[in-house]
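Take a first look at this protein chain. Where is empty space left, and what surrounds it?

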Amino acid sequence: MLEEQGYTYSVQGSGNFVKNTLAVSKTKNVGVILSYTHSHVFTSITMGCEQILRERGYGMQLSITQNSFELEGKCLELMSPDKISGLIVEGTKSAFPNPYIHYYQNLLEQEIPVVFIHNYYTNLETPCIMMDDVNVSKKLTQMLLDAGHTKIAGIFKEDDLQGIRRFQGYAETLSKAGLQVDDRYLWWFHSDHDMWLQNKYNVEYSLDDLMECTALVCYNDMLVEEIYHDLSQKGVRIPQDLSIVGFDNQNVKLDDEYYLTSVQHPRRKLGETAAALVCDMIEKGPDIAPRKPIIMPSTLVIRNSIMKI
């Protein structure tokens, strides 16, 4: 997506994408590090960042990590304190300790503002801008409960904070309803190089266990599409046989005239907010940054992928 928009270019043999836009002097250049480029979500975030940075007189240096620690380290090497005056970053495998935390600490020691999006690293005191993942996951799960579902499966990403927070909302809602979170109906997946190359999650799950449930909460809409196509080939009708919900609002079409109930990602607004904050920190000092995460409003997009039982 970003390559089509002219933000990135392919480096043969590495799969990494890096491009400078509006390059200017170090004092007016902001680094942006994202994990992926394969969806409209990241294209919109990038466009939001660039628009605000351009309006404020800053250039943008973009790098993509593929959610790889190694590539994150290489991206950070390109964004040393003498080359950028601020950094917007989506953390890599943010549920785990980060081996390149010293790069961020060096930036902060040099008074280079760092703003995280989607997640954060627990041992860094930096502002972050996030989706309301926990609460919207609670709302999606509650919608399934309200429709009469009591066996609700879940598939979540285990190596990023968004996946953990979305699981948290799912689990807390089931517990509040007096239902157990059953490991038989819960599957996890993580980032790998094949996922980047194939643009697929390749989640392993038990069809027999899944079909003991009547509903499924998926980590995001891209995963819903993958699960939907897999189940369709096995004769499972979505949502007639299995109600399903996701995140990010990619307007996924299911069987017949059914469309996915999802959550609207703030996308461009998230990018604009991050860019405005990093510019303010550059110009006014890091002390203006909020101490608590900025939670972006995320609304449900209710369609007809939940069947009442």
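This report covers the open spaces, one helix and a few unusual backbone spots.

The model is a predicted one.

**Pockets and cavity**

Rolling a probe the size of a water molecule over the atoms shows where empty space is left. The table sets out three such spaces.

| Space | Volume | Nonpolar lining residues | Polar lining residues | Charged lining residues |
|---|---|---|---|---|
| Largest pocket | about 480 Å³ | 14 residues | one residue | five residues |
| Second largest pocket | about 200 Å³ | two residues | five residues | three residues |
| Largest cavity | about 380 Å³ | eight residues | twelve residues | five residues |

The largest pocket has a volume of about 480 Å³. It is lined by 20 residues, and the closest to its centre are Glu125, Thr126, Pro127, Pro290 and Arg291. Nonpolar residues number 14 in this lining, against one polar and five charged.

The second largest pocket has ten lining residues. Nearest its centre lie His38, Ser39, Asn199, Met222 and Glu225. Helix 8, residues 221-233, gives the largest share of this lining, with three residues. Five residues of the lining are polar, three are charged and two are nonpolar.

How many cavities of 30 Å³ or more does the structure hold? It holds one. Its lining has 25 residues. Tyr36, Phe42, Tyr201, Tyr219 and Asn220 lie nearest the centre of this cavity. Helix 1, helix 5 and helix 6 (193-198) each supply at least two residues of the lining. Twelve of the lining residues are polar.

**Helix 5 and its surroundings**

Helix 5 spans residues 161-176, which makes 16 residues. From first C-alpha to last it reaches 22 Å, close to the 22 Å expected at 1.5 Å a residue. Asp160 sits at the start of this helix, where one of its side-chain oxygens comes within 3.0 Å of the backbone nitrogen of Gln162. Just after the helix, Gly178 takes a positive phi of about 80°.

Which residues of helix 5 are buried? They are Leu161, Gln162, Gly163, Arg165, Arg166, Gly169, Tyr170, Ala171, Thr173 and Leu174. Their cover includes helix 4 (133-146) and several strands, among them strand 6 (128-131), strand 7 (152-157) and strand 8 (186-189). Strand 9 (215-218) and strand 12 (294-296) also take part in covering these residues.

**A buried serine in helix 1**

Ser44 lies in helix 1, residues 40-55. Its relative accessible area is 17%, so Ser44 counts as buried, the cut-off being under 20%. Beyond its neighbours within four places in sequence, Ser44 is in contact with Arg267 and Arg268.

**Unusual backbone spots**

Most residues other than glycine have a negative phi, and most peptide bonds are trans. Three places in loops depart from this pattern.

Gln66 has a positive phi, near 55°. It is found in the loop between strand 3 (59-64) and helix 2 (69-77). Gln66 counts as buried because its relative accessibility is 5%.

Lys93 also has a positive phi, about 45°. Its loop runs between strand 4 (86-89) and helix 3 (101-109). Is Lys93 buried or exposed? It is buried, with a relative accessible area of 15%.

The peptide bond that joins Ile238 and Pro239 is cis, with omega about 10°. Pro239 lies in the loop between helix 8 and strand 10 (243-245).

Key: Residues are numbered from 1 along each chain as its sequence is written. This is a predicted model: local features need pLDDT of at least 70, side-chain atom pairs count only at pLDDT 80 or more; totals for chains, interfaces and linings use all residues. Side-chain values use heavy atoms; hydrogens and water are left out. On a 1 Å grid over the protein atoms alone, a cavity is a set of points where a 1.4 Å probe fits but cannot get out, and a pocket is an open set with protein on both sides within 12 Å along at least five of seven lines; lining residues have an atom within 4 Å of a point. Grid points are joined across faces, edges and corners, and a volume is the space filled by probe spheres set on the points. Ala, Val, Leu, Ile, Met, Phe, Trp, Tyr, Cys and Pro count as nonpolar, Asp, Glu, Lys and Arg as charged, and the others, Gly among them, as polar. Helices (H or I, at least four residues) and strands (E, at least two) are DSSP runs, numbered from the N terminus. The expected span of a helix is 1.5 Å times one less than its number of residues. Buried means under 20% relative accessible area, exposed over 50%, partly exposed in between (1.4 Å probe, protein chains only). Contact means heavy atoms within 4.5 Å. A polar contact is a pair of N or O atoms within 3.5 Å; within protein, one must be able to donate a hydrogen and the other to accept it, and residues adjacent in sequence count only if both atoms are side-chain atoms.
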